[in-house]
Amino acid sequence: MDYEPHAIERKWQQVWADADAFHVPNPVSGEPAPERHWYQLEMLPYPSANGMHMGHVLNYTMGDVVTHVRRRSGWTVVRPMGWDAFGLPAENAAIREGGHPREITERNIKTIREQMKRLGWAIDWDREVSSHTPDYYRWTQWLFLKFFEHELAYRKEAPVNWCPNDQTVIANEYIVDGHCERCGALVELRNMTQWFFKTTAYADELLEFELPEGGEWPERTKAIQRNWIGRSEGAEILFRVDELDLDVPVFTTRADTLFGATFFVVAPEHPFVEAHANEEAKSYARLAGARRAEDRAAETAKTGVFTGQYATNPVNGEKLPVWVADYVLMDYGTGAIMAVPAHDERDREFAEAFSLPIVDVIDDDGKLVNSNGFDGLTAMDGARGIVSMLEEKGRGKLTVSYRLRDWSFSRQRYWGCPIPIVYCDKCGVVPVPEDQLPVLLPEIEDYAPKGKPPLASNEAWMRVPCPKCGGEARRDPDTMDTFVDSSWYFIRYVDPHNDHAPFDRFVTDYWLPVNQYIGGIDHTTGHLLYSRFFVKALNDFGMLGFREPFARLFHQGWVQMGGTKMSKTKGNVAGPDDILGEYGADAMRLYILFMGPAGEDMEWTESGIDGIVRFVRRLWRTVHEVVERAPAPGVREGTLARKANETIAKVTDDVVRRFRFHTPISAVMELLKELSAAPDAPDARFAAETAVSLIQPYAPHVAEELWGVLGHERLWEEPWPVADESQLRRDTIELVVQVNGKVRDRMTVAAGLPEDELIAFARASERVAAYLNGGEPRNVIVVPDKLVNIVV
RNA sequence: GCGGGCGUGGCGAAACCUGGUCAGACGCGCCGGUCUCAAAAACCGGUGUCCUAACGGACAUGUGGGUUCAAAUCCCACCGCCCGCACCA
């Protein structure tokens, strides 16, 4: 019988579906639960119009291998799937091509779901959720209300990117070189009232990574998050503007250089400018303030204007001119700095551009000079001394500043989760009561923003009685950032049908935190950080029993084409359909994992697929040959059996401990090579069973079929093989004999010999004798059962 | 500038975690063979570099140094490449 992948794959996919093979029910409260349970999760996909690309195939196949190996090793594994279904691409497609974002999204979901099913992944489809359905976003809204209640969601004015031509807010992704990608107009900043999550309230804890037991995150991911949070310790110091009887605080990490401050700078957006600066400074600030920080930073030359005011240095009473300049950022520190041109590169550039004085206060040995009583101190001691002196006078204190900003999640778009808030002239900001959730996303005709969010044009939807006073009120026309949806999907996954709460505490206590999370490193400062924030907050609300969502984290490498990451705009996207059509799912799955280490970037090429196809055919042919020619089953000793046991040990260790997915395939290839050379050996049947069993997580369809050929059934439930330790031991070993660390001979000797006997063997070697030249060894090193090194 | 990572054949890579078996498993490609009228497929064999007719030998894991009886593997420095952040005071 020939190997026909498509027929086999259809057949087994149907069998698994009929058997509900990968569905895992939730534990029932009060009943004893299985001890070893595992939550296997890969980042949920966005339902793109192009279907899956190879990165998805890699990602989910890896998760699938882990799922199968864990399941068959006695773990209860939950492995759900869902859709990050809101978001801009579908809305833009609707504007461009007509249709409704929902229809577009659901069509895409259907396509990808079918691809996933064709790939035969062991997904518990009963748990499928999609963020755009009312029974999901109802709970997104409910959670938002909890954050609002706890004052972790709040409104404030903040600048957004605004395209003056299209009259719309635009996302960073759609800005190219400071211009609107669509129309080319220069993007401006415009202040709007927006919703924020108070992520900064958790800044210190987000730095901690107190992972659950067995948890491990890549060092680089933690480094990126730490860098993003950007904690720096310094001091806040008050400078007085005597004329105005006003204190203006600055943040500095270099209080030791305070005596070197020669001028003072505030950011263009600093309230000081509008209130106290001269006209020239005000007009400079207005212009600068309308430009995006990225554009401001792109300019190398320093610009700024003197405000006409002077601030007094609290340590020496010197009057420093107050400037406004766009190199000072409003949203870091206090938005004002003391400028020390002698010891700060940016301040120096500015001082040189505007001929401001430069005073050295740190000498070449790093000691303070020109600093009154502090001369001679090290920088650290100087800073400490200066700050404590100021503290006594009430003019300064130690403080910490963060780079992390609160998370702005208002989006002036249609295709997202409505914000369950109404605005009442009498009552102000009023949350929609829980029993009125969900606030349904209404059907509208036109998604194009015209100076206001699309929902704002829907008068019937916007007008709503105030939940508090019953008077006329209006809804919030914005929707939520899709990262809100994905900040808790992994919690909903474990209790997806719950219709009286977002999730049940008993169920989440059982499954969560996620044991193994797999996804792209590009989500480090977005989704991964937001999810950690959500979990910490929900824990503080008493809704969850843990504080970190993901115990182990793994990032797959990029599948690239032409040296760059696949992307639609570059047109270098490859999906699985061609390979699925030509060679089937098993070949696709094996091939994507065989390409190289899953954690490293790889260049997509089909050039190696032949090797995988040959391997599968050879497995097919060999198993059939073994069934015909090998004696009855039962023999588990011999050369092939030893190799089989070694392969079991290797595959298991690689997948479970090392998270390596390509080397196990090599190992099974080796086993198969030896097996195909002796298909009639007494232990051939055991070797064949082992090869089929070990390849099952990678190629479940053909493995299942061959398992049947070998006379068994339900391989997906078959216990994962365990290496027979007694078979791993060898009676003889190859003794390596080195002279001065170079291999000069090797010989087969009995295992377990004492050192002196090994030395005797080594010295008896003629080849070794030739290198010894009759001299006496200075030293002899023996590694039992391995080698003898003779040093002369 | 700050932070993280990677350098091994023609190519993807293995061995690095846990120092020890002439480094290069497994696969691609290439070369040769079997089969065929021929080709493809399939199967078998070869394939780091250099010297040699051969036997055999020398060299070889980005560069330099260190630790060690022994280094691709551990440590340090440098070079090259990649990624993240960045006028963050």
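**View 1. Aromatic pairs in the predicted model.** The structure, a predicted model, holds 49 aromatic pairs. Rings of Phe, Tyr and Trp (its six-membered ring) pair if their centres lie within 6.5 Å; planes under 30 degrees apart count as stacked, over 60 as edge-to-face and the rest as tilted. One of the pairs joins Phe-197 and Trp-407: their ring centres are 5.1 Å apart and their planes meet at 50 degrees, so the pair is tilted. This pair links distant parts of the chain, with Phe-197 in strand S9 (residues 188-197) and Trp-407 in strand S17 (residues 407-408), 210 residues apart. Both Phe-197 and Trp-407 are buried (under 20% relative accessible area, with exposed over 50% and partly exposed in between; 1.4 Å probe, protein chains only).

**View 2. Phe-350 and Phe-354.** Here the ring centres of Phe-350 and Phe-354 lie 4.7 Å apart with planes at 40 degrees, so this pair is tilted. Phe-350 is buried, at a relative accessible area of 0%, whereas Phe-354 is partly exposed at 27%.

**View 3. The surroundings of RNA strand B.** Look around the strand and you will find 52 residues near RNA strand B, the closest being Lys-302, Arg-346, Met-595, Arg-614 and Arg-657; near means that a heavy atom of the residue lies within 4 Å of the strand. By class, this surface has 19 nonpolar, 12 polar and 21 charged residues. Ala, Val, Leu, Ile, Met, Phe, Trp, Tyr, Cys and Pro count as nonpolar, Asp, Glu, Lys and Arg as charged, and the others, Gly among them, as polar. Of the RNA strand B atoms within 4 Å of the protein, 60% belong to sugar or phosphate, and the rest to bases.

**View 4. Side chains at phosphate and base oxygens.** A side-chain N or O atom of Arg-614 lies 2.3 Å from a phosphate oxygen of RNA strand B. For Ser-232, a side-chain N or O atom is 3.2 Å from a phosphate oxygen of the strand. Asn-789 instead meets a base oxygen of RNA strand B, with a side-chain N or O atom 2.5 Å away.

**View 5. Chain A as the setting.** To place the close-ups, chain A comes to 27 helices and 32 strands (DSSP runs numbered from the N terminus: helices, H or I, of at least four residues; strands, E, of at least two). Along its principal axes, the C-alpha trace of chain A spans about 100 × 80 × 55 Å. Buried residues make up 53% of its 792 residues.

**Notes.** Residues are numbered from 1 along each chain as its sequence is written, while chains are lettered from A and ligands numbered from 1 in the order in which they are written. In this predicted model, local features need pLDDT of at least 70, side-chain atom pairs count only at pLDDT 80 or more, and totals for chains, interfaces and linings use all residues; side-chain values use heavy atoms, leaving out hydrogens and water.

Notes
Polar contact = N/O pair within 3.5 Å; in protein donor to acceptor, adjacent residues only side chain to side chain.
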